[in-house]
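Got your viewer open? Load the model below, switch on sticks for side chains, and follow along.

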Amino acid sequence: MSDSPAFPPPPYTVGSVDKAALILLLIRDRGEVRVTDVSNELGVARSTAHRLLLTLAYRGFVAQDRVSKSYRAGRVLVEIGLAAVGELDVRRKARRHMEALASELHETVNLLVLEGSGTRFIDGVEGDRPLRVSSRTGTLLPAHATSGGKVLLAELSDEDALALFPDGLPRITDRTITDPDVFRAELRSVRDLGYGVNHEESAAGLDAVAVCVRDHLGRAIAALAVSVPHQRMAQGLVHAMLPHLRATAEAISGDL
């Protein structure tokens, strides 16, 4: 929670509202929090932290994982974020192209942007196959573990990309790259090939391939990815999909 407030504190701060806002910032930074985390960070009793989280959950701003009992961003918070993102040209203008690509390939198409050390799925169109990858719109995942994140991180220098992970590259699955040297080699490969792949690095049973969407100055502003069940993603399928994926990314760029 390192952000400085945009305005000076009001003369009569509503303490409970301020604490609720700090909880949301904590979830933004960590992805998920427990009652103990909130208690320690806010300097309040566990019972107070619990009541604050329950109130936020009641209004849909946070949701509790049934297994781990930790709290993450809830439906309402995601909807607010997506409403703001929806104003971005890239999401609005990419939509029809994504629908066409999903219809053409019969696979799920996602649009992602870099958000700190993560990639946020800001839109998605599901394929129509019985066995398909579901849309992940609203989800934030570590960038190094997604195909879209890799192509966006490859736009940075190796040092700048790794600096986004001061505590190291987190492991999501057994296939997630966590060794910095291996990841540097992965970024070099992405730059050489012009695309990134994810082979079960963000979720078991899921593969993906992605390319950049660029603005009129050639800057990467988003990533366009096709997600496929692992059992269907053979090397030949990657190369078969790439021309369609690249053509769609160029069409989106042309519309921006």
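A salt bridge here is a side-chain nitrogen of Lys or Arg within 4 Å of a carboxyl oxygen of Asp or Glu. Keep in mind that this is a predicted model, where local features need pLDDT of at least 70, side-chain atom pairs count only at pLDDT 80 or more, and totals for chains, interfaces and linings use all residues. Residues are numbered from 1 along each chain as its sequence is written, and side-chain values use heavy atoms, with hydrogens and water left out.

**Stop one: a first pair.** Select arginine 30 and aspartate 37: their side chains form a salt bridge, 3.8 Å from N to O. Arginine 30 is partly exposed at 42% relative accessibility, and aspartate 37 is partly exposed too, at 24%. (Buried means under 20% relative accessible area, exposed over 50%, partly exposed in between, with a 1.4 Å probe and protein chains only.) Searching the whole structure turns up 18 salt bridges.

**Stop two: a small sheet.** Helices (H or I, at least four residues) and strands (E, at least two) are DSSP runs, numbered from the N terminus; two strands pair if DSSP finds at least two bridges between them. Now show 32-33, 62-64 and 71-73. You get an open sheet of three strands, ordered E1-E3-E2 and paired antiparallel. E1 (32-33) and E2 (62-64) are the edges, each with a single partner strand, so one side of each has no neighbour in the sheet. Three bridges connect E2 to E3 (residues 71-73); for one contact, pick valine 62 and its bridge partner in E3, alanine 73.

**Stop three: helix H5.** Select 89-105. How far apart are the end C-alpha atoms of H5? They are 24 Å apart, which agrees with the 24 Å expected for 17 residues at 1.5 Å a residue (the expected span is 1.5 Å times one less than the number of residues). Still, H5 bends by about 40° at arginine 95, the bend being the angle between axes fitted to the seven residues ending there and the seven starting there. Colour the buried residues of H5, among them Val90, Ala94, His97 and Leu101. Just after H5, check histidine 106: its phi is positive, near 60°.

**Stop four: long-range pairs.** Arginine 232 and glutamate 107 meet in a salt bridge at 2.8 Å, N to O. Arginine 232 lies in the loop between E9 and H9 and glutamate 107 in the loop between H5 and E4, so the pair ties together parts 125 residues apart in sequence. Glutamate 107 is buried at 2% relative accessibility, while arginine 232 is partly exposed at 24%.
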